[in-house]
Amino acid sequence: MSGQWDESTSGADGRRRGGGSSRGGDTPGTGASRGDVHTERASDGSGRVPAPRPGGRAEARRAAQGKGGRGKTDGTKAGGAAEGGGRAAARNSRKPKRKVKKIAAWSVAGVLVVLAGTGGAIYYKLNGNIKSFDADAISTDRPPEAQADANGNKPVNILLIGSDSRAGKNSDLGGGNEGGARSDTTILLHVYADHKHAVGISIPRDALVTIPSCKLPNGKWSKEAPGQMFNSAFSVGNAETGNPACTQNTVEKLTGIRVDHTIEVNFEGFAAMTEAVGGVDVCLPNDIYEGHINPKLGRKGKVILPKGKQKVSGQKALDYVRLRHGVGDESDVGRMKRQQAFLGSLMAKVKSQGLSPTTLLPLADAATKSMTVDPGLDSAKKLMDFALSMKDIDLHDVKFLTTPWRYNGPRIDLVHPAVDNLWKTLQADRTIDGQDATGKQEDAPETPAAAPETTPAAPPPVAANGAPIKVAVYNGTTATGLAGKAADTLKAAKVTVTGVTDAKNTNRATTTIEYGSGQKANAEKIQAMFPGATLTPTSATGISLIVGKDYAAASGGTAAGTPGTPAPLPTEVVNDARSAADDICDNVSYG
C-alpha cells in the first residue's frame, strides 16, 4: 500500500476540482480540498498531482484500434505509425513508476490511508470530530525545544490525559455527577529521536507539585500555587471539560521537558474505543465486586470483574482502569500499574488487527470524537502524520513506569534526586537503562565528581540549645528539582527544612548560605554538608541555602534543556518498568 497527501486543488485526473465537492458533502471541511488523501500516484513536487502521462497500455490499445494516441487529431489509422506508437507505448508502460514510500502503519491513522479511495468524505468526518484548546492558554515560560540528532530527527513528548469529566454522557459511565473535571490518568510519553523506542511515565494524581499560573475560562490567569495535588491542575478554572493546557503547563514546570503535543480523552470516548476494537485483554489477581467499583454501595454485591484473564470493553474496561478498591493496598499507585498494562494490551490488540477498515474505522471515529488536543494536532491530517511517525515502534520497545515516589500521609512525594535523573534521562534522549535509543551503550564516562554526602560525618547538627537547625532552601539555577535534592540531604541530617522554592536569581554560580544574627555557628554546620559553599551574613533572620551551578554539576545535573549525561536511575525504578509486550497478569497491583 502506498500513500500520498495531496493539498492541491487538482484531482487524480489532473483536472481542477470543484469548490463544493472538496468538502465531502455536508461534512465539515477545512478549506477547499485541503488535506485530501490520494493513493494512486505521487505528487510532482509542486503540491499538484500530475495528469496521467502519455503512452502506456491505454495508449497502445487506442493505437491498435486505429483511434490514434492521446492528442491525435489527424485521424491516423492503424498501420506502421500505429504499430510504432504501440511499441513506444509498450516500452513506456514498462518503465518503472516513481516509487512512493510504503506505509506499514498499525496505528489508528492507518485506516485513513486505507479509506482514502472513498473520496475523502470519511477523512473530513474525522476531521470535524476533533476539538482543541487555545494556543494562548499555553504558558510562554516554557522549556526549550528538543535538539535534532545527527540524522536530523527529534524526540517527541506527548502528554496523555484521561479525564474524569462528568459532562454529557460521561456522568453515567463515571458514576456520580460531581461538578468540574479532574485528570484520572496522566502519562508523559517520550518517543525517542529514532522513533523506534518510547517510554511512558505515569505521574501520580496525588503527587504534591507546584501548579503554575494558568489561563482561566474568563480569560484571566491564576496565581502560582505550590504544594498542590497534581490532578488539581486539570481542575483550574472549574470548567466542566477541564483545563488540559494547565496540566501541560504543570508538567513542563515539573519536568523541565517541553511537551510537543497533548491529547485528552474522556470516559465516553475511552469506552467507545475499547468497544471498537472488540475488547481488550486484561488480568486481575482477585475477584472484584460491585462494592469495590462503588464503595458507597454499602454491600459487597456480585462479581463485576472475575479473577484472572478476561476481555473487557465499554463500561467494564473503564471500571478496570479506574479501579483502586479491592486490589493491593487500594492506592493510586496500583491503579497506574493496571493502566500501564491496559495500554500495552490495547496497543497489542490494535497491532494484531492490522489495517482492517472494518475494525479501525470505528476506532478512529470514537477516538477523534472523544479527543481534546493541542493546536498542533487539531486536524485529521496532523493526527495522521503524527501517528505515522511512530509506526515503526515495536511493542517490546514501548516501556511504562511510574515516577519515583514515596507516601507522604495520604499524598505522594516525588523522590529526589531519582525523579530529577528520570527527567534528565528523557532530556538526554536516553533509555531508562542508560543506553541511547538504538540500544548502543556509550563508553563509560570518566569518574564523575563526587556527589554531596547525604549524611554528615559528625552527629546530626543541632543548635547550641539542642533545638534543630531550621533552613529555607532555594534553587539558584534552572536545573529541575535541585532545591528538593538539597532539602533531602538536609532532612537526612535531621535539619528542619522550612521551605523549598526557586530563588529570584536563577543564575548563581556558587552555592551560598545566608545567615542572620546569631546563626553563624549553625550556618557553618550547614556549610560542612555542601563543600565549596560560601557563607554570607545578612540582616534577615534564620538561615537560607541557595544552591548554585557548582552543586548542580557535583550532583550530575545541568540546566533544564541542556541535559549532558544524567546519573543512572535507581535499579528498583528500572526493574519496575513494563513493556507493552509483557504478560498482562504481571505487575498489575501494589502492596
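## Largest pocket and an open sheet

Seven elements are named here for the lining of the largest pocket, each supplying at least two residues: β7 (208–211), β8 (225–229), α6 (244–255), β17 (411–414), α13 (418–427), α14 (482–492) and β19 (496–502). The model is predicted. Among these contributors, α14 gives the most to the lining, with 6 residues.

The space in the largest pocket is about 1400 Å³. Its lining counts 45 residues, and those nearest the centre of the pocket are Thr210, Lys253, Leu254, Gly481 and Asp502. The table divides the lining by residue class.

| Class in the lining of the largest pocket | Number |
|---|---|
| Nonpolar | 17 residues |
| Polar | 17 residues |
| Charged | 11 residues |

The second topic is a sheet. It is open and made of 8 strands with mixed pairing, in the order β3-β14-β9-β4-β5-β6-β15-β23. The edges are held by β3 (131–132) and β23 (578–579); each has a single partner strand, so one side of each lacks a neighbour in the sheet.

Within this order, β5 (residues 183–191) and β6 (residues 198–202) run antiparallel and are joined by 5 bridges. Ile187 stands opposite Ser202 in β6. Helix α13 packs on the sheet, where α13 touches β5, β6 and β15 (398–402). The direction of α13 makes about 150 degrees with that of β6.

Helix α13 links the two topics: α13 supplies at least two residues of the pocket lining, and α13 also packs on the sheet.

Definitions and conventions: Residues numbered from 1 in each chain as written. Predicted model: local features only at pLDDT ≥ 70, side-chain atom pairs only at ≥ 80, totals over all residues. Heavy atoms only, no water. 1 Å grid on protein atoms, 1.4 Å probe; cavity = no way out; pocket = protein on both sides within 12 Å on 5 of 7 lines; lining within 4 Å. Points joined across faces, edges and corners; volume = space filled by probe spheres on them. Helix = DSSP H or I, 4+ residues; strand = E, 2+ residues; numbered from the N terminus. Nonpolar A, V, L, I, M, F, W, Y, C, P; charged D, E, K, R; others polar. Pairing = 2+ DSSP bridges. Contact = heavy atoms within 4.5 Å. Axes fitted to C-alpha atoms, helices over the stretch in contact; angles between N-to-C directions.
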